[in-house]
Amino acid sequence: MPSPSASERRRFAARAPASPIPAAQWTLLVRLPGRVVIAATSAEHDSPGRTVAEGLSGLAAIAAGRASDSDLVRAVVSAVYAETDGDGPDAEEFTDRDAGLAAVLAACREAARVLAEHADPADSAAYRQWIQAIAAKVCAASRSGHFAGPRVSGDERRFLTDLGAALGLV
(Lines give C-alpha, C1' and ligand atoms only; values in the text may rest on other atoms or scores of the structure.)
Protein backbone atom coordinates (compact mmCIF):
# COMPACT_ATOMS: atom_id res chain seq x y z
CA MET A 1 0.00 0.00 0.00
CA PRO A 2 1.56 3.33 -0.98
CA SER A 3 2.51 5.76 1.74
CA PRO A 4 1.11 9.28 1.74
CA SER A 5 3.25 11.84 -0.04
CA ALA A 6 5.57 14.11 1.93
CA SER A 7 3.20 17.04 1.38
CA GLU A 8 0.25 14.95 2.64
CA ARG A 9 2.23 14.01 5.74
CA ARG A 10 3.13 17.64 6.45
CA ARG A 11 -0.42 18.85 5.79
CA PHE A 12 -1.98 16.43 8.27
CA ALA A 13 0.84 16.14 10.83
CA ALA A 14 -0.49 18.63 13.34
CA ARG A 15 -4.06 18.81 12.09
CA ALA A 16 -6.50 17.46 14.59
CA PRO A 17 -10.11 16.95 13.50
CA ALA A 18 -12.66 19.76 13.80
CA SER A 19 -13.32 18.84 17.44
CA PRO A 20 -10.98 20.65 19.83
CA ILE A 21 -8.83 17.81 21.12
CA PRO A 22 -5.96 19.06 23.29
CA ALA A 23 -2.48 18.30 21.97
CA ALA A 24 -1.50 15.70 24.60
CA GLN A 25 -4.77 13.86 24.07
CA TRP A 26 -4.38 14.06 20.29
CA THR A 27 -0.94 12.48 20.67
CA LEU A 28 -2.54 9.65 22.67
CA LEU A 29 -5.02 9.02 19.84
CA VAL A 30 -2.26 9.09 17.21
CA ARG A 31 0.10 6.74 19.04
CA LEU A 32 -2.53 4.27 20.26
CA PRO A 33 -2.85 2.30 16.98
CA GLY A 34 0.86 1.41 17.03
CA ARG A 35 0.75 0.55 20.71
CA VAL A 36 -2.24 -1.72 20.07
CA VAL A 37 -0.31 -3.52 17.32
CA ILE A 38 2.51 -4.21 19.76
CA ALA A 39 0.06 -5.30 22.46
CA ALA A 40 -1.71 -7.66 20.07
CA THR A 41 1.61 -9.19 18.97
CA SER A 42 2.44 -9.61 22.66
CA ALA A 43 -0.87 -11.19 23.67
CA GLU A 44 0.71 -14.56 23.01
CA HIS A 45 4.40 -15.36 22.65
CA ASP A 46 5.08 -16.28 19.03
CA SER A 47 8.05 -17.09 16.88
CA PRO A 48 9.84 -14.12 15.29
CA GLY A 49 8.29 -14.99 11.92
CA ARG A 50 4.78 -14.95 13.34
CA THR A 51 5.48 -11.70 15.18
CA VAL A 52 6.61 -10.11 11.91
CA ALA A 53 3.51 -11.39 10.09
CA GLU A 54 1.35 -9.96 12.87
CA GLY A 55 3.19 -6.63 12.74
CA LEU A 56 2.73 -6.38 8.97
CA SER A 57 -0.95 -7.17 9.37
CA GLY A 58 -1.16 -4.38 11.94
CA LEU A 59 0.46 -1.91 9.56
CA ALA A 60 -2.08 -2.80 6.87
CA ALA A 61 -4.93 -2.44 9.36
CA ILE A 62 -3.69 1.00 10.42
CA ALA A 63 -3.40 2.08 6.78
CA ALA A 64 -6.92 0.78 6.07
CA GLY A 65 -8.14 3.65 8.25
CA ARG A 66 -7.42 5.95 5.29
CA ALA A 67 -10.62 4.64 3.70
CA SER A 68 -12.75 5.31 6.80
CA ASP A 69 -15.89 7.40 6.58
CA SER A 70 -14.70 9.12 9.76
CA ASP A 71 -12.78 12.37 9.46
CA LEU A 72 -11.20 11.61 12.84
CA VAL A 73 -9.88 8.19 11.80
CA ARG A 74 -8.50 9.57 8.52
CA ALA A 75 -6.82 12.46 10.38
CA VAL A 76 -5.26 10.03 12.87
CA VAL A 77 -3.92 7.81 10.07
CA SER A 78 -2.42 10.86 8.37
CA ALA A 79 -0.83 11.94 11.62
CA VAL A 80 0.54 8.41 12.21
CA TYR A 81 2.27 8.52 8.83
CA ALA A 82 3.51 12.07 9.42
CA GLU A 83 4.89 11.22 12.86
CA THR A 84 6.71 8.11 11.72
CA ASP A 85 7.72 9.44 8.30
CA GLY A 86 5.91 6.59 6.57
CA ASP A 87 7.17 3.79 8.80
CA GLY A 88 4.79 2.06 11.16
CA PRO A 89 5.32 0.30 14.43
CA ASP A 90 8.02 -2.34 14.51
CA ALA A 91 7.18 -6.02 14.82
CA GLU A 92 8.13 -6.38 18.46
CA GLU A 93 6.77 -7.66 21.73
CA PHE A 94 6.75 -6.19 25.23
CA THR A 95 9.58 -7.31 27.45
CA ASP A 96 7.14 -7.35 30.39
CA ARG A 97 3.99 -8.71 28.77
CA ASP A 98 1.59 -8.14 31.67
CA ALA A 99 2.72 -4.57 32.34
CA GLY A 100 2.72 -3.71 28.63
CA LEU A 101 -0.78 -5.07 28.05
CA ALA A 102 -2.08 -3.31 31.17
CA ALA A 103 -0.58 0.00 30.01
CA VAL A 104 -2.16 -0.29 26.56
CA LEU A 105 -5.56 -1.18 28.04
CA ALA A 106 -5.28 1.85 30.36
CA ALA A 107 -4.43 4.03 27.34
CA CYS A 108 -7.50 2.64 25.55
CA ARG A 109 -9.72 3.56 28.51
CA GLU A 110 -8.21 7.07 28.47
CA ALA A 111 -8.75 7.35 24.71
CA ALA A 112 -12.41 6.33 25.12
CA ARG A 113 -12.78 9.02 27.79
CA VAL A 114 -11.12 11.65 25.57
CA LEU A 115 -13.34 10.71 22.65
CA ALA A 116 -16.49 10.86 24.78
CA GLU A 117 -15.47 14.33 25.94
CA HIS A 118 -14.16 15.87 22.70
CA ALA A 119 -15.33 13.94 19.62
CA ASP A 120 -18.52 13.57 17.70
CA PRO A 121 -20.21 10.29 18.78
CA ALA A 122 -19.96 8.83 15.27
CA ASP A 123 -16.24 9.64 15.05
CA SER A 124 -15.71 8.25 18.55
CA ALA A 125 -17.40 4.97 17.60
CA ALA A 126 -15.49 4.76 14.32
CA TYR A 127 -12.12 5.31 16.04
CA ARG A 128 -12.79 2.77 18.78
CA GLN A 129 -14.02 0.18 16.27
CA TRP A 130 -10.97 0.81 14.07
CA ILE A 131 -8.65 0.22 17.04
CA GLN A 132 -10.49 -3.04 17.82
CA ALA A 133 -10.26 -4.08 14.14
CA ILE A 134 -6.51 -3.44 14.13
CA ALA A 135 -6.04 -5.76 17.11
CA ALA A 136 -8.34 -8.41 15.64
CA LYS A 137 -6.39 -8.45 12.36
CA VAL A 138 -3.09 -8.75 14.20
CA CYS A 139 -4.35 -11.60 16.36
CA ALA A 140 -5.71 -13.47 13.32
CA ALA A 141 -2.57 -12.95 11.21
CA SER A 142 -0.93 -16.28 12.03
CA ARG A 143 -1.97 -19.58 13.51
CA SER A 144 -1.15 -20.14 17.15
CA GLY A 145 1.05 -22.98 18.29
CA HIS A 146 1.48 -24.97 15.08
CA PHE A 147 0.36 -25.13 11.45
CA ALA A 148 -3.09 -26.52 12.28
CA GLY A 149 -3.49 -24.42 15.45
CA PRO A 150 -6.37 -22.03 15.98
CA ARG A 151 -6.30 -18.73 14.11
CA VAL A 152 -6.79 -16.81 17.40
CA SER A 153 -5.48 -18.32 20.64
CA GLY A 154 -7.17 -18.18 24.03
CA ASP A 155 -4.73 -15.50 25.22
CA GLU A 156 -5.43 -13.44 22.11
CA ARG A 157 -9.21 -13.84 22.58
CA ARG A 158 -8.86 -12.65 26.19
CA PHE A 159 -6.85 -9.64 25.03
CA LEU A 160 -9.47 -8.79 22.39
CA THR A 161 -12.24 -9.06 25.00
CA ASP A 162 -10.31 -6.85 27.44
CA LEU A 163 -9.58 -4.37 24.64
CA GLY A 164 -13.25 -4.18 23.66
CA ALA A 165 -14.17 -3.49 27.28
CA ALA A 166 -11.44 -0.83 27.63
CA LEU A 167 -12.71 0.89 24.49
CA GLY A 168 -16.31 0.76 25.71
CA LEU A 169 -17.40 -1.53 22.88
CA VAL A 170 -18.65 -4.38 25.07
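How many disulfides does a search of the whole structure find? The answer is zero, and I should say at once that what we are looking at is a predicted model, so please hear everything that follows in that light. Two of the cysteines can still be placed with respect to the surface: cysteine 108 is buried, its relative accessible area being 0%, and cysteine 139 likewise counts as buried, at 0% relative accessibility.

Let me step back to the overall architecture. The protein has seven helices and zero strands, and if you follow the sequence from one end to the other the pattern reads α-α-α-α-α-α-α. There are 170 residues in the protein, of which 47% count as buried, while the exposed area comes to about 8,200 Å², with carbon and sulfur atoms supplying 56% of that area. Turning to contacts, if we take those between residues at least 6 apart in sequence, 78% of them join residues that are at least 24 apart.

Now to helix α6, which covers residues 121-139, and to the aromatic residues that it carries. The structure holds one aromatic pair. Its members are tyrosine 127 and tryptophan 130, whose ring centres lie 5.7 Å apart and whose planes meet at 65°, and because an angle over 60 degrees counts as edge-to-face, that is how we class the pair. The two residues are three apart within α6, which means that about one helical turn separates them. Are these two residues buried or exposed? Tyrosine 127 is buried, with a relative accessible area of 0%, and tryptophan 130 is buried as well, at 9%, where the cut-off for buried is under 20%.

The last residue I would like to show you is aspartate 120, which sits in the loop between α5, residues 97-118, and α6. Aspartate 120 has a relative accessibility of 39% and therefore counts as partly exposed, since that class lies between the 20% and 50% limits. What does the side chain of aspartate 120 reach? It reaches the backbone nitrogen of alanine 122, at a distance of 2.9 Å. There is also a relationship across the sequence to point out, in that aspartate 120 and leucine 72 are 48 residues apart along the chain, and yet their C-alpha atoms are separated by 9.0 Å.

To gather this up, we have a predicted model with seven helices and zero strands, one aromatic pair and zero disulfides. Thank you, and I am happy to go back to any of these residues on the screen.

Conventions:
Residues numbered from 1 in each chain as written. Predicted model: local features only at pLDDT ≥ 70, side-chain atom pairs only at ≥ 80, totals over all residues. Heavy atoms only, no water. Phe/Tyr/Trp six-rings, centres within 6.5 Å; stacked < 30°, edge-to-face > 60°. Helix = DSSP H or I, 4+ residues; strand = E, 2+ residues; numbered from the N terminus. Buried < 20%, exposed > 50% of the residue type's maximum accessible area, 1.4 Å probe, protein only. Polar contact = N/O pair within 3.5 Å; in protein donor to acceptor, adjacent residues only side chain to side chain. Contact = heavy atoms within 4.5 Å. Areas by Shrake-Rupley, 256 points an atom, 1.4 Å probe, with all protein chains shown as cover. Disulfide = S-S within 2.5 Å.
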